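Trainee: I'm new to this one and would like to learn how to read it. Could you put it up so we can go through it together?

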Amino acid sequence: MKQIEVQILQQSYVLTCPDGQEERLLEAVRRVDTAMTRIRDSGKVRSRERVAVLAALNMAFDVLDREVQQAHLAAAQAEMQSLHDEAATPRAQPAEPSPEELAEQQRQQALAEQLVLRLDQALESDARLL
């Protein structure tokens with residue numbers, strides 16, 4: 001473990017961090033100092049404690065927003081994967097119609113043709129009236 005002295009809102013702090021994590025800790029300190037300075041400089045809050053609480057809340061909201069965005073992204077990716085998997089799945093070929101079904105289709109087609117012929121004959125006599 002390593003100890004590092006940092007400045008947050010012009011106050012010194014000695015922090016302990018794991019070896020190899022110094023840059024990460026310094027980036028976190030920079031973000032906290034920036035957030036607290038922005039709140040203090042807005043002129044609405046002067047108490048260091050209140051500035052720290054507001055900065056922590058703002059940063060927590062940012063983290064929560066990112067988590068929600070990541071959850072939405074993960075859901076969209078899962079939906080895309082599902083659609084991709086569905087598209088890649090071979091579809092079952094429709095079954096060949098049975099001889100009975102073929103006979104029924106032919107019977108219905110013959111009835112339809114007879115109906116069309118009757119309509120043509122009925123309309124032919126109407127054409128003579130015009």
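Trainee: Let's start with one residue: is L9 buried or exposed?

Mentor: L9 is buried, with a relative accessible area of 5%. Here buried means under 20% relative accessible area, exposed means over 50%, and partly exposed is in between, using a 1.4 Å probe and protein chains only. Before we go on, this is a predicted model, where local features need pLDDT of at least 70, side-chain atom pairs count only at pLDDT 80 or more, and totals for chains, interfaces and linings use all residues. Residues are numbered from 1 along each chain as its sequence is written, and side-chain values use heavy atoms, with hydrogens and water left out.

Trainee: Where does L9 lie?

Mentor: You'll find L9 in the loop between β1 (2–8) and β2 (11–17). L9 has a positive phi of about 55°, although it is not a glycine. Q10 is placed in the loop between β1 and β2 too, and its phi is near 60°, again positive in a residue other than glycine.

Trainee: And Q10, is that one buried or exposed?

Mentor: Q10 counts as exposed, at 67% relative accessibility.

Trainee: What pattern do the helices and strands follow along the sequence?

Mentor: Helices (H or I, at least four residues) and strands (E, at least two) are DSSP runs, numbered from the N terminus. In this protein there are three helices and two strands, and reading along the sequence gives β-β-α-α-α.

Trainee: How do I read the radius of gyration here?

Mentor: It is taken over C-alpha atoms, and the globule rule is 2.2 Å times the number of residues to the power 0.38. For 130 residues, a compact globule would come out near 14 Å, but this protein has 38 Å. Its C-alpha trace spans about 105 × 45 × 20 Å along the principal axes.

Trainee: How much of the protein counts as buried?

Mentor: Of its 130 residues, 12% do. For contacts, the cut-off is heavy atoms within 4.5 Å. Among contacts between residues at least 6 apart in sequence, 27% join residues at least 24 apart.

Trainee: Now for charges. How many salt bridges does the structure hold?

Mentor: Start with the general idea: side chains of opposite charge can pair when their charged atoms come close. A salt bridge is a side-chain nitrogen of Lys or Arg within 4 Å of a carboxyl oxygen of Asp or Glu. The structure holds four of them.

Trainee: Which residue does E27 meet at 2.5 Å?

Mentor: That's R30: the two side chains meet in a salt bridge, 2.5 Å from N to O. Both lie in helix α1 (residues 22–41), three residues apart, about one turn of the helix. E27 also meets R31 in a salt bridge, at 3.0 Å from N to O. R31 and E27 are four residues apart in helix α1, so about one helical turn separates them.

Trainee: How exposed are those three?

Mentor: E27 counts as partly exposed at 30% relative accessibility, and so does R30 at 46%. R31 is partly exposed as well, with a relative accessible area of 45%. Salt bridges that share partners join E27, R30 and R31 into one network.

Trainee: Which residue forms a salt bridge with R40?

Mentor: D41 does, with the closest N and O atoms 3.1 Å apart. D41 is exposed, with a relative accessible area of 53%.
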